[in-house]
Amino acid sequence: MEYLLSKLLPLFVYPLGLAILLILLALVLVFLNRRFAATLSVVLSVVILWVASTNVFSGFVMNSLEQDYPPVAINQLPVVDAIVVLGGYTDAVDGDSGIIELGDGVDRLFHGMRLYRAGKAPRVMLVGGAARGHLPEAQVMANLLTEFGISRQVMLLEGESRNTRENGLNAVAIMQKYGIQKIILTTSAYHMRRAQAVFQKLGVEVVPAATDYQVLEPDPSILDWLPNAEALMMTTLAIKEYLGWYVYKFRDWVE
């Protein structure tokens, strides 16, 4: 139940959910014959959606998460005990056909593969669970790496976790069995601060290797002030990450 609530409750503070709530409030206010308040509620919902859907705002919010983790050349990273790749971007559509859908964050997997091939660690740990009845994401990632020529013998799989906190707890339990103390952590740049802090809180020495950057800093344009769906998604993603950070901070799960 706690897991379900953690996924549902934030929907009402994301721009789209908040705008819908304001529209519903406006309908109630109209029913109560409070037309000025209803109009104000509608206008506020439009403003929230418009601002959150601009490249200017979404880029600003997302960049505030990514700016502390600029890209680092692979040859500048040290050799460690293991490369830890966090999931959150694959889904096995059908277990019989083997068809796999890859999301935007698949850069994490490819970056981890490149790090391994560059000799940065003797092992690759794949971290990610799945909903009940589905193939764990760690297993899906392992299948992909096998197709790309990475030996199963170098892979460690953690397929039970459902969030970043569980990623850390379950992965560290496996690390202790293999004497792994220092890792290169691979995840999306906007997610790195929380992920790194979780592992460090659990006593692991972490070298961040961020990837999957959302803000590419193109030349500004007047069109960046116009709303678009991709910008709204980016704003929502950034707000979700900030919510996760402060919840983890409140629960003392991060340093």
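Is Lys201 buried, exposed or partly exposed? In this predicted model, Lys201 turns out to be partly exposed, with a relative accessible area of 35%. This lysine sits in helix α8, which covers residues 192-201, and its side chain takes part in a salt bridge with Asp252. The closest N and O atoms of Asp252 and Lys201 are 3.1 Å apart. Asp252 itself belongs to the segment after α9 (229-250), so this salt bridge ties together parts that are 51 residues apart in sequence. Like its partner, Asp252 falls in the middle class for accessibility: its relative accessibility is 48%, and it counts as partly exposed because a residue has to go over 50% to be called exposed.

That pair is one of four salt bridges counted in the model. Another one joins two strands: Lys182 pairs with Glu205, and here the closest N and O atoms lie 3.7 Å apart. Lys182 is found in strand β6 (residues 182-186), while Glu205 is in strand β7 (residues 205-208), so the link spans parts 23 residues apart in sequence. As for how open these two are, Lys182 has a relative accessibility of 23% and counts as partly exposed. Glu205, at 44%, is partly exposed too.

A further salt bridge is the one between Arg162 and Glu166. Its closest N and O atoms are 3.9 Å apart, and the cut-off for calling such a pair a salt bridge is 4 Å. Arg162 comes out at 42% relative accessibility, which puts it among the partly exposed residues. Glu166 is at 22%, and because buried means under 20%, it is also classed as partly exposed.

Next comes a pair of helices. Two packed helices are described by the angle between their axes and the distance between the axes. Helix α2 (residues 15-31) and helix α3 (residues 35-52) have axes that come within 8 Å and cross at roughly 165°. That angle makes α2 roughly antiparallel to α3, since anything over 145 degrees falls in that class. The crossing of α2 past α3 is left-handed.

What do the two helices bring to their contact? On the α2 side, the residues include Pro15, Leu16, Leu18, Ala19, Leu22 and Ile23, and the stretch goes on with Leu25, Ala26, Leu29 and Val30. Among the residues they meet in α3 are Arg35, Ala37, Ala38, Ser41, Val42 and Leu44, along with Ser45, Ile48, Leu49 and Ala52. Sorted by character, the residues of this contact split into 17 nonpolar, two polar and one charged.

Note on methods: Residues numbered from 1 in each chain as written. Predicted model: local features only at pLDDT ≥ 70, side-chain atom pairs only at ≥ 80, totals over all residues. Heavy atoms only, no water. Axes fitted to C-alpha atoms, helices over the stretch in contact; angles between N-to-C directions. Helix = DSSP H or I, 4+ residues; strand = E, 2+ residues; numbered from the N terminus. Parallel < 35°, antiparallel > 145°, perpendicular 65-115°, else oblique. Left-handed = near helix turned anticlockwise from the far one by under 90°. Contact = heavy atoms within 4.5 Å. Nonpolar A, V, L, I, M, F, W, Y, C, P; charged D, E, K, R; others polar. Buried < 20%, exposed > 50% of the residue type's maximum accessible area, 1.4 Å probe, protein only.
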